[in-house]
Amino acid sequence: MATDEQLGPPPPTAAEAPEAVRMRVLGNMGDGQTQAEALQLALHHAVADLGGLGGMVHLRIPGDSRPLHLAATGGLPREFAQEWESLGWQDATAPVRALRDGALVWLPTTGTTGTQARAASVGTGIVAVPLLAVEGSSLGVLSVVTVCGAPSVAQRAFLETLARWVCERLAHPAPSTGSLGPAWWNAEHLAGPRLQHAREAVRVGSWEQNLRTGDVVYDEATLTILGIDPETFDGRVDTVVGLVHPDDLPRVVAAVEQAVRQRSEYAAEYRLCRPDGTVVWVEAHAQVVLGEDGEPARFVGTVWDTTQKRAALDSVAHSLLHMSDGFLTVDADWRIEFVNLHAERLLGPSQQLFGRVLWDVPGTEVPGLEDRCRQVAAAGAPTGFDVQWPPHRRWYHLRLVPAPDGATLYLTDVTEKRLAEERREAAQRAATQRTRHIGRLNAALAEAVAVSDVVDTVAERVLPLFGATGLLVQLVDGDSLRVAGSAGYSREYLSNIPDTTSLSDHSPFADALHHRVPQYLVSRQEFRERYPKAADLAFTGGKHAWAYVPLIVSGGPIGCLVISFSRPRRFGEEDQALLTALSGLVAQALERARLYDAEHTRSQELQRGLLPLVLPSLPAVTTAARYLPATEGLEVGGDWYDVIPLSAERVALVIGDVMGHGLSEAATMGRLRTAVHTLVGLELPPDELLSHLNDLVSDLGDDFYATCLYAVYDPTDQVCAIARAGHPPPALVRPDGTVHFPRLPQNPPLGAATPPFETVELTVPEGSLLVLYTDGLVESAFRDIDSGMASLADTLAGAPMPDGRAPGATIADRDADARHLDRLCTALTSALLPAKEQTSDDTAVLVARTHALAAGDVACWELPEDPIAAGEARDHIRQQLTDWRLDDLMWTTELIASELVSNVIRHARGPVRLRLIRSRSLICEVADGSLTTPHIRRAHETDEGGRGLQLIAALAQRWGTRYTSHGKSIWTEQLLP
């Protein structure tokens, strides 16, 4: 006896309500229906259950001013449906009420206004149930026009259950207003054949059959599928049975009898011979409904048109027979049952194959085929593997799909695919190799800074990759190309190459840049044929093949890369692809390097502009200096130095370092240097000058700091006054060759210091060296400042004197001494800053050899604080200038001294001292003990005095006031005759 599981769902009992039966039928529907089909089925069962006149479904359009639009109707006249095409929120209709309330609503048509009420018959009503999605949103409303008053409780429950079924079938949100379009009765474009085509597109219908009377009720879709005219149909099942194809009729009858006997579901697919002579395939499903007596009373079911599906299935066998791949089937014992034409070409004629075991076919023995097939069958899952098929040794992919009664095998020729894969694997290996080379080159180019570095990197890493022997890099410079670097060429050849090559010339350079395509010349013959004018010069380089590759950056050419070979050479696709890839990297690196070189040049020019171009030649010192920028980075530094002449042949030596790098630091350095020149003109002592500089740096902000060392050397007494702010102490090299670092107060850097600063006076013997430097010379990441200063001392101690003289010897030739000091600067930087070391700080060195004025060139006298002092001063001047043979300056010097001494007697206080210095000029100084500052003023015509300083300014080339610890000194300078 069959079990319940075999019989399917239990049949409805006599006590089961019709609503439950309808939901059971709908619940057994498959998932192949469209939304339109689901709406039509729901309407059909809703109208049938309530015994209504017809039904309609409105779908909600979010955001529309009229939210409900008619989407489907059933059993309603066109005039009635047109009145319900779209409904607004303010309409007093059952669908709108149900949408607003979210619950089932029934309204008699007497409550409906306008033409809608006139369209319904008297005594009718409309019941509307909302279509609520799972998340609670409303998709629309399903409505039924009733004739028996309000629906019962069971009918209400059925409508609500039916609404949930509809929402489940509406897998997607309601369509937008634009996709709905006009209602079908207003769509002129659907008239005629198009309307018929739209109706035929829905190939599903519903039907009922009374098993006791033989009466059937078909909806419109069912009648269309069966090809029956509703006007002439008699409503009898025998009429429909007569349309079943004779070959299929026994099956249909047996299926019906079995469903009635077992009270189960009926299902059958068969052919129908329509009255119009056409034959179609239909598939029918139905559920037996029991009567009150418990016996089968009627069928309730659906029907589909499956003609197209059956046509597709019938064509499968024909397709399999002629398919391009091999196809065969075997039974459970692996005996061949079917082979297509392609499989016959591999295995032999089909008559000789049927009944044979797959791996026993003569001439087709595939090693391991039996084991693999049995493993697949045991696993029960489809699998595939490649086999080499004898005897032509071609490769086939065998896919085996197991089945309960056998297996299906597909044989696909993959010989070309395997060859392509092998080629692809080889290409991938080559690409991997290229990628590795490109990665290494890219890493090397990333470290290349200047254009020369890029050229060296390409010569080192690219030329061996291709077996090339020559490299030439030319960069675009306006309308021409200039050589930026080369490798593998003789000096003679490079000397013959013009500095620039015009882009208008007919040359491989110009063609590569104009067309932006590499030019490959595989031999000298091809070179001469294509570029006869440029051939002779190219051949002198000793090369026989060339690749001219354009260098493109941001869509524009920047130059040309020439790789040459000592023998003729062909350039394959891989070579060309690799050269193209490498050219992009080289182009980017060259562009960066070119920008670096340009920026570096500008930085050097800026640095040179901020530093002294030429150091002055002064009697007190012989000087030389050196500045070395940092080798890391492009930004200018803040290191600076200066040599500034002062009054009385004194000289100021200054060196400083603004912390950091960049334009702002360079600007700060320029400000400091300018400020020093300004403050020097005020004859300020070193400690006061540093105080003013500290104020200047402090005003720039908290991020600016600078170190500075300021020294004033007086050749008359060989005393050097030094003050420093955070700067390393100078090195003093005495005439005997000993090196000494004077102990000076440290003082914080400018910008962080709190004045006053401390000044130390040192006696510097004749011929000593003062070496001023910045911390970049003695301090680095690999060396602390103490060891750096020790190295500096060792280097200075081992430096020879010029021309082999003893350390204490007097140097008469100042020019030779200047050259010696310049070489000493080079020796210091070379010893303490090796060329191969990368430095992150700038370095400045200032070396000064001190000289003392001869005792006979300085004359000094003490004068009394009395009016007779002016006369004594004139006497001293006449006598001294006579001794110096400067009689031409006697009168003006007497006048200057007389006026200065008279001013002291009249306006200042003693002691009074007169000093004459013979040097590059004649210097006359009058010192007193007062700190009052003399000023030139414009005297009126009636004034008896006030014109003394005007007279001095007219007679002297320069004049000024210098303050000392004991007072002040007014000095003048006159050119020697």
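How many Å² does the accessible surface of the chain come to, and what share belongs to carbon and sulfur atoms? In this predicted model, the total is about 48,100 Å², and carbon and sulfur atoms take 52% of that. The chain has 977 residues, and 46% of them count as buried. Its secondary structure adds up to 32 helices and 37 strands. As for how the chain folds back on itself, 59% of the contacts with a separation of 6 or more are between residues 24 or more positions apart.

Now for the N-terminal part, starting with strand 1. This strand covers residues 54-60, and six of its seven residues are buried, so the rest of the structure largely encloses it. Strand 1 has strand 2 (residues 68-74) as an antiparallel partner, with six bridges between the two. Within that pairing, H58 sits opposite L70 of strand 2. Strand 1 also runs antiparallel to strand 6 (residues 138-146), again with six bridges. Here V57 has L142 as its bridge partner in strand 6.

Then there is a helix pair to look at. Helix 2 (residues 18-27) and helix 7 (residues 153-169) have axes that come within 10 Å of each other and cross at roughly 10 degrees. Angles under 35 degrees count as roughly parallel, and the two helices are therefore roughly parallel to each other. On the helix 2 side, the contact is made by E19, R22, M23, L26 and G27, while helix 7 brings in A154, Q155, F158, T161, L162, W165 and R169. Sorted by class, this contact holds six nonpolar, three polar and three charged residues.

Further along the chain comes a six-stranded sheet. It is open, its strands follow the order 19-18-17-22-21-20, and the pairing is antiparallel. At the edges are strand 19 (500-502) and strand 20 (519-521); each has a single partner strand, so one side of each lacks a neighbour in the sheet. From one strand to the next, the twist averages 25 degrees. Inside the order, strand 17 (residues 470-477) and strand 22 (residues 556-565) run antiparallel and are joined by six bridges. One pair of bridge partners there is Q474 and C560, the latter in strand 22.

A second open sheet has five strands, in the order 33-34-35-37-36, and its pairing is antiparallel too. Strand 33 (858-863) and strand 36 (958-964) are the edge strands, each pairing on one side only. Neighbouring strands in this sheet are turned against each other by 15 degrees on average, with direction ignored. What packs on this sheet? Helix 30 (residues 869-883) does, and it touches strand 33, strand 34 (912-918) and strand 35 (921-928). The direction of helix 30 makes about 160 degrees with that of strand 33. Over at the other edge, strand 36 pairs with strand 37 (residues 967-975) in the antiparallel sense through seven bridges. In that pairing, G960 stands opposite W971 of strand 37.

A few backbone details deserve a look as well. Most residues other than glycine have a negative phi, and most peptide bonds are trans. Against that background, the bond between P755 and P756 is a cis peptide bond, with omega at about 10 degrees. P756 lies in the loop between strand 29 (739-740) and strand 30 (760-763).

Two residues also show a positive phi without being glycine. E683 has a phi of about 55 degrees, and its place is the loop between helix 25 (663-680) and helix 26 (686-699). Q718 comes in at about 60 degrees, in the loop between strand 26 (706-714) and strand 27 (719-725). Buried or partly exposed: which applies to E683, and which to Q718? The cut-off for buried is under 20% relative accessible area. E683 has a relative accessible area of 9%, so it is buried. Q718 has 24% and is therefore partly exposed.

Notes:
Residues numbered from 1 in each chain as written. Predicted model: local features only at pLDDT ≥ 70, side-chain atom pairs only at ≥ 80, totals over all residues. Heavy atoms only, no water. Buried < 20%, exposed > 50% of the residue type's maximum accessible area, 1.4 Å probe, protein only. Helix = DSSP H or I, 4+ residues; strand = E, 2+ residues; numbered from the N terminus. Pairing = 2+ DSSP bridges. Axes fitted to C-alpha atoms, helices over the stretch in contact; angles between N-to-C directions. Parallel < 35°, antiparallel > 145°, perpendicular 65-115°, else oblique. Contact = heavy atoms within 4.5 Å. Nonpolar A, V, L, I, M, F, W, Y, C, P; charged D, E, K, R; others polar. Areas by Shrake-Rupley, 256 points an atom, 1.4 Å probe, with all protein chains shown as cover.
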